[in-house]
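These are my notebook entries on a single protein chain, set down in the order in which I looked things up.

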Amino acid sequence: MVTPRSIEETTPLDRKSVHIRSEDNVDPPLSWQLQVFGLVQGVGFRPFVVRQARSLGLRGFVRNCGASVDILLHGCSHAVVAQFVAALQDKAPNLARIDRVSVTASTPDPSCDSFEVAHSEQLDERRLTISPDVAPCKECLSEMRTPGDRRYGYPFINCVNCGPRFSIIRDLPYDRRVTTMSGFEQCPQCRAEYELVADRRYHAQPNACAKCGPRLSLYDRGGQVVAGDPLVAVVDALHAGRIVAVKGLGGFHLLVDAGSATAVAELRRRKRRDSKPFALMAADLETARRHAIIAPDEARLLGHWASPVVLMPRHPSCPLPGNIAPNNPTLGIMLPSTPLHHLMFDRGAPPIVVATSGNISGRPIVIDNATALAELPVVADLILMHNRDIEVRVDDSVLRRLPVDNGNQNELLFLRRGRGYAPYAFDLHGVTDTAPTVLALGAELKTAIAIYARGQIIVSQHIGDLKNDETLGSHYTLQKHLTRLLKSPPQVIACDLHPNFRSTQMALQEAGRALVQVQHHHAHMASCMTENQLEGPALGVIFDGAGLGEDGSIWGAEFLVGDLCAVRQVGSIRSLRLLGGDQAVREPRRTALALLLDAYEGDLTACATLPVIAEFTPDELRVLTAMYCKDVNSPLCTSMGRLFDGVAALGGMAYRAEYEAQGPIELEGLLRRNFEMTEPYPVVFEHTAGVPRFDYRAMIRAITHEVLGRRPAADISRRFHSTLVEMVAQMCQLLRQLHAFSAIVLSGGVFCNEFLTVNVLHALRDAGFAVYRHSVFPPNDGGIAVGQVAVALRRYLRFEVSANAAVNVT
């Protein structure tokens, strides 16, 4: 079977995925049974089939069967059925994803004289599919903006081509009675649309109008209803610089006029978020173009029905204040994702607003009205909500275009899969349908979960960081929700090795299920291999912030050789010290100090005038230097993320990190999305126990010399990035002489860095390697669960894991 079309692709299905066979006793075949597999339920596929069949004068029926949509055609030739299948593939609704079409010839039925929608059979629950939430379509927006239309100005307009899906589902199969729309009885007009096959709202489960559907309500900070038109009050508040919480598809957003530095500063103060960039929502593409440099494929992404946040370079004439994205030349912009947002702009709201997650910092995005009234007044002046419940929390998706020169204009780099792109299902090759159901719990940061059931992996939306009880509770709730939807209780639990990860602790508490613990960087590698359908052996170049290694130390810049079952470390970087342990993550200045102490063998005389040294008091310097020299509370790690932190701090950036990877992000930002390589710093390797390691000390000394010589930070950043590219290229060529592998995969959060990813790809491909990267799942910890599933399955099947037995095969 060919690789399934991913949800963000629009390329027609390969004709090779159509299987046509005839029964031996049929000559000639005049009836045809078709099975269409993929995302074909709840996306307008059956009415589309009816229209196509009737346009060709065909007789028969179409029905849902859970695993597929089944079609029966009567009295047509081989040529006509081929024409019909081609129409299915080439003209399918935008939301549909056709993975495979199976066609079987059979005996004709002369009693059938029309083409209709038949009642669904008892659903085969082997491969149920779930549609993501979808931004409003052009037809619905046109009706909403047309005076005299019965849905004029209605903020919950939808049809079979758009509207809420996953966020309102309580159970499957997808039907109104098992969604949060179950309490809204359709009026006669809506019911007629819902039941008419030819109508755009045929079986559109959230279908409603102002007479019978959800309604808006506006509250002030004291929890009192605000009288009058809610949208008028919201627009006035935004122009006045006030903060408004607005309930969207998957949760609340906090909105404020992006053009007001004062209003943005107040939002930062209330959210206790000093530096992390804010996402923006623009009224339309033209508005977005005034603020960002938007390439054609980025414009298509902005207009995609998933309505993601797209990261793009800030336009030189962008009028927005600097506190939108401090020390960052990139803006994250999305277009309106609901009819409500469109109405807000139509009524005169500022053309571009901050649209950040509606939550108290560190907690999950708020989804229910009661919590909004209880928590959000701390941040928001007004709260705009409605009475359609959100069943499933879904944050915005965040992605960027990766300019890889391979002719593909839609090469994506996901930083977060959320609304519009989740949940996501794909076939797992090389595993039998009888394999056990596996639930993978992900890691600790940027967590998502994944479930393998009946030949498919279902990957959840972004959940968040499991540092607080609220997010942990959201993680647990989503586990239960997805396993209930799939009707497949997990038999195997997969998790990380780190005993302090709350996801690991959760897994260890499960009873009666087999447990497979997967080393963090092996999971990263397996995630990329699975996405690219690789079995191995492969070389994984895995760069991130931290993960517990097989030797009990913290890894993060690893070269691993192996397959989906086991790997071994064959390369890395020289270990560096974390002065104060996790405190060094929060204060990258400490890592810079540790790098200097290592590079200059404990003598800071040559770098005493560095700006980063001035960030310490004399007492701090004395204590931290003693900690380093005496190996007190200074654990070793091989983390590329921490190396980035230290170099950024050496260059005068992010001495203290407010958010994860702040220093590396600011360091990359200096490159202004210019991918030109420059002369690298010295690339030196040392060998420890037979493993080659990048010895960064010569590089640190060279950077120190340039900082003291006042070389521009942007030049230092480009040389540092170029050095890492050269290091990876040299390391991979060295390892090719020592180990057998057929491909190289790139994964880990550091490969969210565009410059590094693009240039490493080019350098390795120029050296003759087959190189693969992520384009469906995030390279950061948002993709970890996929790798955990893949590894757990292979180990379970190979070693016949017993229930309650923790497995760690290296």
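**Entry 1, overall form.** Which radius of gyration does the protein chain have, and with which value for a compact globule of 810 residues should I compare it? I note beforehand that this is a predicted model. For 810 residues the compact-globule value would be near 28 Å, and the protein chain has 28 Å, so the two agree. I then took the extent along the principal axes, and the C-alpha atoms fill a box of roughly 95 × 70 × 50 Å. For secondary structure I count 22 helices and 32 strands in the protein chain.

**Entry 2, burial, contacts and surface.** I looked up how much of the protein chain is covered, and buried residues make up 63% of the 810 residues. Turning to contacts with a separation of 6 or more, I find that 72% of them join residues that are 24 or more positions apart. The accessible surface comes to about 29,800 Å², and carbon and sulfur atoms account for 49% of that surface. For the charges I compared the mean position of the 83 positive ones with that of the 85 negative ones, and these two mean positions are 3 Å apart.

**Entry 3, cysteines.** How many disulfides does a search of the whole structure find? The search returns zero. I checked C187 in particular, which is in no disulfide, the nearest cysteine sulfur being that of C190 at 3.6 Å. Since a disulfide requires the two sulfur atoms to lie within 2.5 Å, the distance of 3.6 Å between the sulfurs of C187 and C190 does not qualify. C187 has a relative accessibility of 11% and therefore counts as buried. I also looked at C76, which is buried as well, with a relative accessible area of 5%.

**Entry 4, V40.** I went next to the loop between β2 (31-39) and α1 (45-55), where V40 is found. Is V40 buried or exposed? Its relative accessibility is 1%, so V40 counts as buried. I then listed what V40 touches beyond its neighbours within four places in sequence, and the contacts are F45, N64, V69, R97, I98 and T129. For one of these partners, R97, I took the C-alpha to C-alpha distance from V40, which is 6.5 Å across a sequence separation of 57 residues.

**Entry 5, backbone geometry.** I kept in mind here that most peptide bonds are trans and that most residues other than glycine have a negative phi. The peptide bond from A422 to P423 is cis, with omega near 0°, and P423 has its place in the loop between β16 (412-416) and β17 (424-427). A cis peptide bond also runs from G536 to P537, with omega near 5°, and P537 lies in the loop between α13 (520-531) and β23 (538-548).

For phi I looked up H203 and found a value near 55°, which is positive in a residue other than glycine. H203 sits in the loop between α4 (188-195) and β7 (216-220), and at 27% relative accessibility it counts as partly exposed. N633, likewise not a glycine, has a positive phi of about 50°. I place N633 in the loop between α16 (618-630) and β27 (636-639), where it is partly exposed with a relative accessible area of 49%.

**Entry 6, N468.** Which residues does N468 contact, once its neighbours within four places in sequence are left aside? I find G362, R363, P364 and R502. The C-alpha atoms of N468 and G362 are 7.3 Å apart in space, while the two residues are 106 apart in sequence. N468 belongs to the loop between β20 (456-459) and α11 (469-486). Its relative accessible area is 17%, and because buried means under 20%, N468 counts as buried.

**Entry 7, D284.** My last look was at D284, in the loop between β10 (279-282) and α7 (285-289). D284 is partly exposed, with a relative accessible area of 31%. I also took the C-alpha separation between D284 and Q186, which are 98 residues apart along the chain, and it is 32 Å.

How values were computed:
Residues numbered from 1 in each chain as written. Predicted model: local features only at pLDDT ≥ 70, side-chain atom pairs only at ≥ 80, totals over all residues. Heavy atoms only, no water. Helix = DSSP H or I, 4+ residues; strand = E, 2+ residues; numbered from the N terminus. Rg over C-alpha atoms; globule rule 2.2 N^0.38 Å. Buried < 20%, exposed > 50% of the residue type's maximum accessible area, 1.4 Å probe, protein only. Contact = heavy atoms within 4.5 Å. Areas by Shrake-Rupley, 256 points an atom, 1.4 Å probe, with all protein chains shown as cover. Lys, Arg positive; Asp, Glu negative; His and termini not counted. Charge placed at Lys NZ, Arg CZ, Asp CG, Glu CD.
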